[in-house]
Structures are given as C-alpha cells and as structure tokens.
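Please open the model in your viewer with the cartoon and the side chains available, and follow the selections below in order.

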Amino acid sequence: MTIEPNVLRRHDRDSPTAVEQAFHTGPLAEAVTTAPDIERRSGLTAQEFAAEYRHPMRPVVLEGHVADWPSVRTWSFDHLAERCGSVHVVVDSYNTEAAREARLGEFVRMLRDNQGDDATPIYLQEWYYQTTAPELAADMPEMDIAQYDFRRNLYGESASTNHQLWLGQRGGVTRLHQDSYSVDVMHAQIVGEKLWYVMAPETELSGTTEADWRKLCEAPETRLMRCVLRPGDVLYLPANWYHRIQLLSDSIGLGRKCLDEQNLPTHIRQRMNELLALLLNPDEVRRNHPELVDVVLMRARSWANRMDLDLSRLRP
C-alpha cells in the first residue's frame, strides 16, 4: 500500500495527532504567534469580491458582511434551545468515543454544566439544520458573494444549501484539515469568536521532526496566516487551503461551501473516484464505509436526473 508522502494529508490515527501537537510545542507553535493576519476588507460588492479574491483564490475576511443577519443580532445558545430544543443532534461527532445523540436543549444544558479547568470542551459540529430545524434558515439569508456555487447545477438546489451550523464551547478545536472535493469555504461568525490558522494547498510536511516543522514554517509556499472571526464577519478560504480552528469563546458559526466552476474538473474526478470505488469494490466499501454508500448513490442519481439519463435503459 502506498503511503501518502505529505503528513498533512494522512488519515491514520497518529499523523493528525502529531500535527495537532505541533501547534502547542516546537517551531510551528512559535511560528503561529507571529503569523501575519489574513487581509480584512469591508464594504466589498459581490463583483469586487470575485475580481479581487475569488478569481485569484486569495483568502480574505469580510468584516461585518453579515452583521445585519437576524441570527447575528438576536441569537444566543438559550435562544436556540428555546426555539428548537427538542431537535435531535449528534454531539462531538468527530470523536467516535465521545459522540452521542442529544436534543439541542440538552446540549445547551451540557455546555452550562461543563465548567472548570479540567472540563473537555463540548462541540456540535456540522449540524445540517435545514433538515431538522428549517425554520432557522430565515435568520441566515443567502450571501450575495456565494451565488457562484456550481453545486446547484450538479445536484440541485437542496444540495447547494446544505449549510452547517457549528456550536461549541470555549477551547474547542477543529484540527488542521482540508475540506474535501475542492470546494471553497465560507464561514460566517454568528456568536462569539474563533481563531483560524490557515496554510496554502502547496504546504508540504515530509516528517514530524523539529527540522521538518521548521522547513514547513520557513517555506514561502506554506503562506501560514491567521485571523480572528467576530460576529458578523465572513471568512473566504479558497479550495484546498488547510485550516485549524480554535474557539476563543462559546461560539456559533455557519459553514457554507461553494464550488467554483474553475475547480469543477477536479471536483468531478474526486466524485467519480467514489462512484468507481463503490462499483468495483462494493463489498469492501459497504464493510469499511457503510455511511458513504447511500450518499454516493444519491449524488449519482442527482447527476443522472439532471442530465435526463434513463437508468432503466442500461444494458449488459
């Protein structure tokens, strides 16, 4: 089996842990304290945003871009618990040992009770609220800068609005990663503050020694940067940028993915890899990734429907 040469892209148990540890000790921990800030802009039109940042694929923080959203003006954890406290959610879903189902009201009570220096922060990650609490959508209107999302052309309107809410406790961390399928990241901060560290897609890490980390930090292609998102701010991060997020306070944010048409060939290739893996190795995929089977089939059916393909006409 071929081992991924870039440690940052490995998905084994030890590599992500070593990368996270590097943010606490060693050359990377030193480098992030002096990393330059991501550029901050305000008052940009959708056309200016596209010309100055989206087309050249440059990260930017759009200060106060959604400050007029009802969610930014009125939301709190108690507010959400009152509105949709009976909705079922999965807490700490990124940790297979800690993941558990709860009602949103119970989750808010967990946050209130989980205090003290030894408490492990609780996190509700990737809540697809439009499925279980669609009434919240009106408080987060569609952003003018996100209209380029090509996913609606591939999968239909519902797939292009599958945004996620992230609700977490101060100290919570999302480890360094790249989002899959070559999609751009837009994150709107609603409540609290988040510290983001980002690195360019070209960033390479060949090992986890101090020398390897120092080489990464000194390489110009790494482009290590940081920003703090505050309520009303929106971070635009082009496809395949690495990012790590730390909650500086109890926080609520909206994750919004966008597929830029210039990334369409790569996106389709990655999706086709999934489909071919399922077709050529169905037993292995169902055994090792049962949660992905229905998702892959759903996407394939969406493609077929939008291309007016009659799947009943397939012949051996």
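Select strand β9 and show its side chains on both faces: K194, W196 and V198 point to one side, L195, Y197 and M199 to the other, and all of them are buried. Since this is a predicted model, these are features of computed coordinates. The strand covers residues 194-199, and six of its six residues are buried, a term that here stands for a relative accessible area under 20%.

Keep β9 in view and add its two partners. With β10, the strand β9 runs antiparallel and is joined by five bridges; to find one position in this pairing, pick L195 and look across to V228, its bridge partner in β10. With strand β12, residues 242-247, the strand β9 is again antiparallel, and here six bridges join the two. A convenient marker in this pairing is Y197, which stands opposite R244 in β12.

From β10, step back along the chain into the loop that lies between α10 (210-218) and β10 (225-229), and select R223 there. What is the sign of phi at R223? Its value is positive, near 50°, in a residue other than glycine. Most residues other than glycine have a negative phi, which makes such a position a reasonable place to pause and inspect the backbone. R223 is partly exposed, with a relative accessible area of 40%.

A second selection of this kind is M57, in the loop between α3 (46-54) and β2 (60-62). M57 is not a glycine, yet phi is positive here too, at about 55°. The side chain and backbone of M57 together leave the residue partly exposed, with a relative accessible area of 34%.

Now colour the open sheet of seven strands, whose pairing is mixed and whose order is β1-β2-β11-β8-β13-β6-β5. Which strands form the edges of this sheet? They are β1 (40-41) and β5 (123-127), each of which pairs on one side only. Within the sheet, select strand β6, residues 164-168, together with strand β13, residues 251-258: the two pair in the antiparallel sense over five bridges. L165 can serve as the marker for this pairing, with L254 as its bridge partner in β13.

Return to the edge strand β1 and follow the chain into the loop between β1 and α3, where T45 is placed. T45 is partly exposed, its relative accessible area being 35%. If you then draw a distance from the C-alpha atom of T45 to that of T132, a residue 87 positions away along the chain, the separation is 33 Å.

Finally, clear the selections and look at the whole protein chain, which contains 13 helices and 13 strands. Its radius of gyration is 20 Å, close to the 20 Å that the globule rule gives for 316 residues, so the chain is as compact as a globular protein of that length. Along the principal axes, the C-alpha atoms fill a box of roughly 60 × 50 × 45 Å. Buried residues account for 47% of the 316, and among contacts between residues at least 6 apart in sequence, 77% join residues at least 24 apart.

With the surface switched on, the accessible area comes to about 16,600 Å², of which 50% belongs to carbon and sulfur atoms. Colouring by charge, you can pick out 35 positive and 47 negative charges, whose mean positions are 3 Å apart.

Note on methods: Residues are numbered from 1 along each chain as its sequence is written. This is a predicted model: local features need pLDDT of at least 70, side-chain atom pairs count only at pLDDT 80 or more; totals for chains, interfaces and linings use all residues. Side-chain values use heavy atoms; hydrogens and water are left out. Helices (H or I, at least four residues) and strands (E, at least two) are DSSP runs, numbered from the N terminus. The radius of gyration is taken over C-alpha atoms; the globule rule is 2.2 Å times the number of residues to the power 0.38. Buried means under 20% relative accessible area, exposed over 50%, partly exposed in between (1.4 Å probe, protein chains only). Contact means heavy atoms within 4.5 Å. Accessible areas come from the Shrake-Rupley method with a 1.4 Å probe; for residues, only the protein chains shown count as cover. Lys and Arg count as positive and Asp and Glu as negative; His and the chain ends are not counted. The place of a charge is taken as NZ of Lys, CZ of Arg, CG of Asp or CD of Glu. Two strands pair if DSSP finds at least two bridges between them.
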